[in-house]
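Visitor: I would like to walk through this model residue by residue, with the reasoning spelled out before each answer. Could we begin once the structure is on the screen?

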Amino acid sequence: MSDERRQQIIDAARQLYEEQGLSATTVKDISERCGVARSLFYHYFRNKQEVTSAVIDDFVNDYIESLQFWNEHRTPGDIEGSLAGVVTVMRVGVFEHSSFRRALDTHENASLYLEFINRVADRMAAYFVETTVQDYAQNHPVDIDHVYETFYILIMGICGYVRTHRDAPDEVLRDIIAQTLHMERETNRKPVQTG
């Protein structure tokens, strides 16, 4: 029951953050939404920041589920299709238009946003190393050292770039991913020129 109650509090906080925003939501609001006394809230979370961290974990878990869906439905060997799919997953998962994500993307919540992106990069890099890289390595050389670290930095970089260049073409993002990871691609495709 305690895990259920904790998740109810997280769900209530997430709903309220979506409805009225992060800064406008109080511990009292969260407690009232799930019908518990504030003392019970404090049994599970020391403060609003701690429940917000749990909400971020919830978002990251949702994101990893969408990444798993992409991985399970991609066609092995279709590098271009896989790149297109993962760019879409990143755009939707990390930059989805929700009020909570918009709240994270403000100056006052910059540290929370960075925490969110760090957690996404960590989980996503680990997932790639355990799954997609292994599949790729069956048919292609993996010509990078420090695979987890390379993925982590690549994900952080793409997230930062897309955050400040929202209209960056998907083709450019696919090229950056493929070039950074030294992926073998179709020889007849032409790189996208920017500038």
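**Thr-150 and its surroundings**

Guide: Thr-150 is buried, with a relative accessible area of 17%. This is a predicted model, and the values quoted here are computed from its coordinates.

Visitor: In which helix is the place of Thr-150, and which residue has its backbone oxygen 3.2 Å from a polar atom of the Thr-150 side chain?

Guide: Thr-150 belongs to helix α9. Once neighbours within four places in sequence are left aside, Thr-150 is in contact with Ile-144, Asp-145, Thr-180 and Leu-181. The backbone oxygen that lies 3.2 Å from a polar atom of the threonine side chain is that of Asp-145.

Visitor: Is Ile-144 buried or exposed?

Guide: Ile-144 lies in the loop between α8 and α9, and, not counting residues up to four places away in sequence, it touches Thr-150, Phe-151, Thr-180, Leu-181 and His-182. The cut-off for the buried class is under 20% relative accessible area. Ile-144 has a relative accessibility of 12%, and therefore it counts as buried.

Visitor: How far apart in space are Ile-144 and Leu-181, C-alpha to C-alpha?

Guide: Leu-181 is among the residues that Ile-144 touches. The two are 37 residues apart in sequence, and their C-alpha to C-alpha distance is 6.6 Å.

Visitor: What is the phi of His-146, and is that residue buried or exposed?

Guide: Most residues other than glycine have a negative phi. His-146, in the loop between α8 and α9, is not a glycine and yet has a positive phi of about 55°. With 58% relative accessibility, His-146 counts as exposed.

Visitor: Which residue with a positive phi follows α10, and what is its relative accessible area?

Guide: The residue is His-182, in the segment after α10, and although not a glycine it has a positive phi of about 55°. The class between buried and exposed is called partly exposed. His-182 is partly exposed, and its relative accessible area is 44%.

Visitor: With which side chains does the side chain of Arg-185 make polar contacts?

Guide: Arg-185 is found in the segment after α10 and is buried, with a relative accessible area of 19%. Not counting residues up to four places away in sequence, Arg-185 touches Ile-79, Glu-80, Leu-83, Arg-174, Asp-175 and Ala-178. Its side chain makes a polar contact of 2.9 Å with the side chain of Glu-80, and another polar contact, of 2.7 Å, joins it to the side chain of Asp-175.

Visitor: Which residues of helix α10 are buried?

Guide: Helix α10 covers residues 170-180. In an α-helix there are 3.6 residues a turn, so residues three or four places apart point the same way. The buried residues of α10 are Val-172, Leu-173, Arg-174, Asp-175, Ile-177 and Ala-178.

Visitor: How far is the C-alpha atom of Gly-93 from that of Leu-67?

Guide: Gly-93 is found in helix α5 and is buried, with a relative accessible area of 11%. Gly-93 and Leu-67 are 26 residues apart along the chain, and their C-alpha atoms are separated by 8.7 Å.

Visitor: Which helix gives the most to the lining of the largest pocket?

Guide: The largest pocket holds about 460 Å³ of space, and among its 29 lining residues Trp-70, Thr-132, Val-133, Tyr-136 and Met-183 lie nearest its centre. The helices α5 (79-95), α7 (110-130), α8 (132-137) and α9 (147-164) each supply at least two residues of that lining. The one that gives the most, with 5 residues, is α5.

Visitor: How many residues of that lining are nonpolar, how many polar and how many charged?

Guide: The count covers the 29 residues that line the largest pocket. They divide into 19 nonpolar, 6 polar and 4 charged.

Visitor: For the chain taken whole, what percentage of the residues is buried?

Guide: The chain has 10 helices and 0 strands, and its accessible surface comes to about 10,800 Å², of which 50% belongs to carbon and sulfur atoms. Among contacts with a separation of 6 or more, 65% are between residues 24 or more positions apart. Of the 195 residues in the chain, the buried ones make up 45%.

How values were computed
Residues are numbered from 1 along each chain as its sequence is written. This is a predicted model: local features need pLDDT of at least 70, side-chain atom pairs count only at pLDDT 80 or more; totals for chains, interfaces and linings use all residues. Side-chain values use heavy atoms; hydrogens and water are left out. Helices (H or I, at least four residues) and strands (E, at least two) are DSSP runs, numbered from the N terminus. Buried means under 20% relative accessible area, exposed over 50%, partly exposed in between (1.4 Å probe, protein chains only). Contact means heavy atoms within 4.5 Å. Accessible areas come from the Shrake-Rupley method with a 1.4 Å probe; for residues, only the protein chains shown count as cover. On a 1 Å grid over the protein atoms alone, a cavity is a set of points where a 1.4 Å probe fits but cannot get out, and a pocket is an open set with protein on both sides within 12 Å along at least five of seven lines; lining residues have an atom within 4 Å of a point. Grid points are joined across faces, edges and corners, and a volume is the space filled by probe spheres set on the points. Ala, Val, Leu, Ile, Met, Phe, Trp, Tyr, Cys and Pro count as nonpolar, Asp, Glu, Lys and Arg as charged, and the others, Gly among them, as polar. A polar contact is a pair of N or O atoms within 3.5 Å; within protein, one must be able to donate a hydrogen and the other to accept it, and residues adjacent in sequence count only if both atoms are side-chain atoms.
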